[in-house]
Protein chains: 2
Amino acid sequence: MSKDKILTEALSLFASRGYEGATLSELASRVGMKKASIYSHYKNKEEIFWAVIDCAYQEEIAKLSTGMKEVQHLAFRERLHNMMDQHVHFYKENDENANLWRRMTLFPPQDFKEGLKAKLLEYEQQFNEMLEQDLDRAIQSGEIREVNRDTGLAMINCILDGLFVEYSYYDDEEFNKRVEAVKVMTWRAFLPAGKEAE
Amino acid sequence: MSKDKILTEALSLFASRGYEGATLSELASRVGMKKASIYSHYKNKEEIFWAVIDCAYQEEIAKLSTGMKEVQHLAFRERLHNMMDQHVHFYKENDENANLWRRMTLFPPQDFKEGLKAKLLEYEQQFNEMLEQDLDRAIQSGEIREVNRDTGLAMINCILDGLFVEYSYYDDEEFNKRVEAVKVMTWRAFLPAGKEAE
DNA sequence: CCTACCGATCGGTAGG
DNA sequence: CCTACCGATCGGTAGG
């Protein structure tokens with residue numbers, strides 16, 4: 001359907017050029033129609049934007065919860081590393097989607113700033129709820145040191161945010177090295193006192 | 001001088017709206033002249049852009065090296081924490097400058113992508129050279145564990161990059177909590193085996 | 001889904 | 001440093 005094709009191409013355009021930088025005439029030419037015809041599927045540019053955002057958001061939330069359920073049986077160290085791999089995998093496989101979030105997180109179009117922020121905090125909250133349970137379980141079983149819950153969450157979030165931006169400015173080889181380095185170091189920060197990383 | 005005033009206002013505009021989003025007529029009105037008059041000081045928009053970038057870059061490099069020299073006498077743990085505080089301080093005090101770098105790092109205007117990347121890698125290299133010496137010294141003195149040099153650098157860079165983006169989407173109180181959390185956790189990752197964080 | 005058009009605004013220039 | 005203007009392009013509409 002044309003409506004879906006518009007959505008797909010719009011995602012790609014918003015991700016690479018931003019909201020203001022994406023033009024409806026380029027969108028139309030990618031879809032294979034004239035600019036005016038876009039308006040028989042969507043009311044205006046803003047409506048296209050929110051359709052793209054909603055669609056991308058649903059996709060992320062779904063992926064997040066299935067991804068975290070899959071690794072529930074693993075030890076915390078493996079879950080931690082797996083979580084980083086998952087995020088990295090997302091940057092690589094879903095380049096445009098990830099780039100769209102990066103842009104909308106850091107440089108939201110003035111008019112949509114609040115709406116976007118709400119969506120992002122909602123996402124982080126869902127992510128943190130799952131992570132909290134993970135942390136508590138690992139502390140109780142003695143897998144990791146008795147770290148304060150918010151402190152542990154903040155650390156993991158910060159690392160993921162850091163990798164999130166670094167992905168876009170290092171080449172693949174350099175980025176991979178950094179991911180591995182950060183995995184090792186982050187795990188050390190959670191290591192129980194006295195125990196040693198192998 | 002008008003030329004400097006243009007530079008200052010242009011920095012502010014590029015930071016908040018990006019290169020394409022910043023218009024010369026708004027720049028002119030902030031400076032207090034007509035758009036056409038800008039062209040008696042600069043050849044075109046692109047020349048203004050590079051003047052802004054060069055100026056901001058010089059400022060950063062200068063601040064970096066004096067900042068790191070000031071804390072040479074401190075223990076590694078304090079240097080590490082101080083480094084994070086310095087960066088955070090920079091985000092807060094120099095909001096526009098920091099925002100310009102964020103934008104140009106992650107979403108450089110297509111035409112200037114390569115030129116900007118060169119500047120950024122140059123900066124990181126200078127930063128890492130200083131940091132390497134710091135790390136080596138701390139390892140030799142037994143202050144921290146025998147971590148691989150690149151691994152340690154990658155971790156610190158990742159944390160700073162993470163805080164860099166988080167600053168722009170949390171409020172002050174939440175952000176400060178996260179900084180403190182990350183300080184504690186990062187230090188733990190460097191702790192010598194067997195020693196305990198107080 | 002198209003042709004033909006709108007007013008507004010963009011970066012930039014001519015000429016003083 | 002200004003007035004007056006240029007061609008190009010923007011998001012959007014009328015009417016079929």
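**Exercise 1. The core**

Which residues touch the most other members of the largest nonpolar core? List the partners of B:Phe190 beyond its sequence neighbours.

*Solution.* Note at the outset that this is a predicted model.

- Step 1. Find the core: the largest nonpolar one holds 133 residues.
- Step 2. Pick out its best-connected members. A:Phe190 and B:Phe190 touch the most other members.
- Step 3. Set aside neighbours within four places in sequence. B:Phe190 then contacts B:Phe76, B:Leu80, B:Leu135, B:Ile144, B:Arg145, B:Val147, B:Gly152 and B:Ile156. A:Met185, from chain A, is also in contact with B:Phe190.
- Step 4. Add the background. In soluble globular proteins, nonpolar side chains tend to be buried together.

**Exercise 2. Two copies**

Work out how chain A and chain B are related.

*Solution.*

- Step 1. Superpose the chains. A turn of 180° with a shift of 0.0 Å along the axis lays chain A on chain B, at an RMSD of 0.0 Å.
- Step 2. Name the symmetry. The two copies are therefore related as by a two-fold rotation axis.
- Step 3. Check the contact surface. Both copies use the same one: 100% of the contact residues of chain A recur in chain B.

**Exercise 3. DNA strand C**

Describe the protein surface around DNA strand C, then give three polar contacts.

*Solution.*

- Step 1. Count the surroundings. DNA strand C has 16 residues around it, and A:Ser2, A:Met33, A:Lys34, A:Ser37 and B:Lys35 are the closest. Of the strand's atoms within 4 Å of the protein, 57% belong to sugar and phosphate.
- Step 2. Sort by class: six residues are nonpolar, seven polar and three charged.
- Step 3. Locate the helices. H3 (35–38) of chain A, H2 (24–31) of chain B and H3 (35–38) of chain B each give at least two residues.
- Step 4. Read the contacts. B:Lys35 places a polar side-chain atom 2.7 Å from a base nitrogen. B:Lys45 reaches a phosphate oxygen with a polar side-chain atom at 2.9 Å. B:Leu24 uses a polar backbone atom, 3.1 Å from a phosphate oxygen.

**Exercise 4. DNA strand D**

Repeat the analysis for DNA strand D.

*Solution.*

- Step 1. Among the 16 residues around DNA strand D, A:Lys35, B:Ser2, B:Met33, B:Lys34 and B:Ser37 come nearest. Sugar and phosphate make up 57% of the strand's atoms within 4 Å of the protein.
- Step 2. The helices that each supply at least two residues are H2 (24–31) and H3 of chain A, and H3 of chain B.
- Step 3. Now the phosphate oxygens. A side-chain N or O atom of B:Ser37 sits 2.5 Å from one. For B:Ser2 the side-chain distance is 2.7 Å. A:Ala22 contributes a backbone N or O atom at 3.1 Å.

Key. Residues are numbered from 1 along each chain as its sequence is written. Chains are lettered from A and ligands numbered from 1 in the order in which they are written. This is a predicted model: local features need pLDDT of at least 70, side-chain atom pairs count only at pLDDT 80 or more; totals for chains, interfaces and linings use all residues. Side-chain values use heavy atoms; hydrogens and water are left out. A residue is near a molecule or strand if one of its heavy atoms lies within 4 Å of it. A polar contact is a pair of N or O atoms within 3.5 Å; within protein, one must be able to donate a hydrogen and the other to accept it, and residues adjacent in sequence count only if both atoms are side-chain atoms. Helices (H or I, at least four residues) and strands (E, at least two) are DSSP runs, numbered from the N terminus. Ala, Val, Leu, Ile, Met, Phe, Trp, Tyr, Cys and Pro count as nonpolar, Asp, Glu, Lys and Arg as charged, and the others, Gly among them, as polar. Copies are superposed by least squares on the C-alpha atoms of residues with pLDDT of at least 70 in both. Contact means heavy atoms within 4.5 Å. A nonpolar core is a set of buried Ala, Val, Leu, Ile, Met, Phe, Trp, Tyr and Cys residues joined through side-chain atoms within 4.5 Å. Buried means under 20% relative accessible area, exposed over 50%, partly exposed in between (1.4 Å probe, protein chains only).
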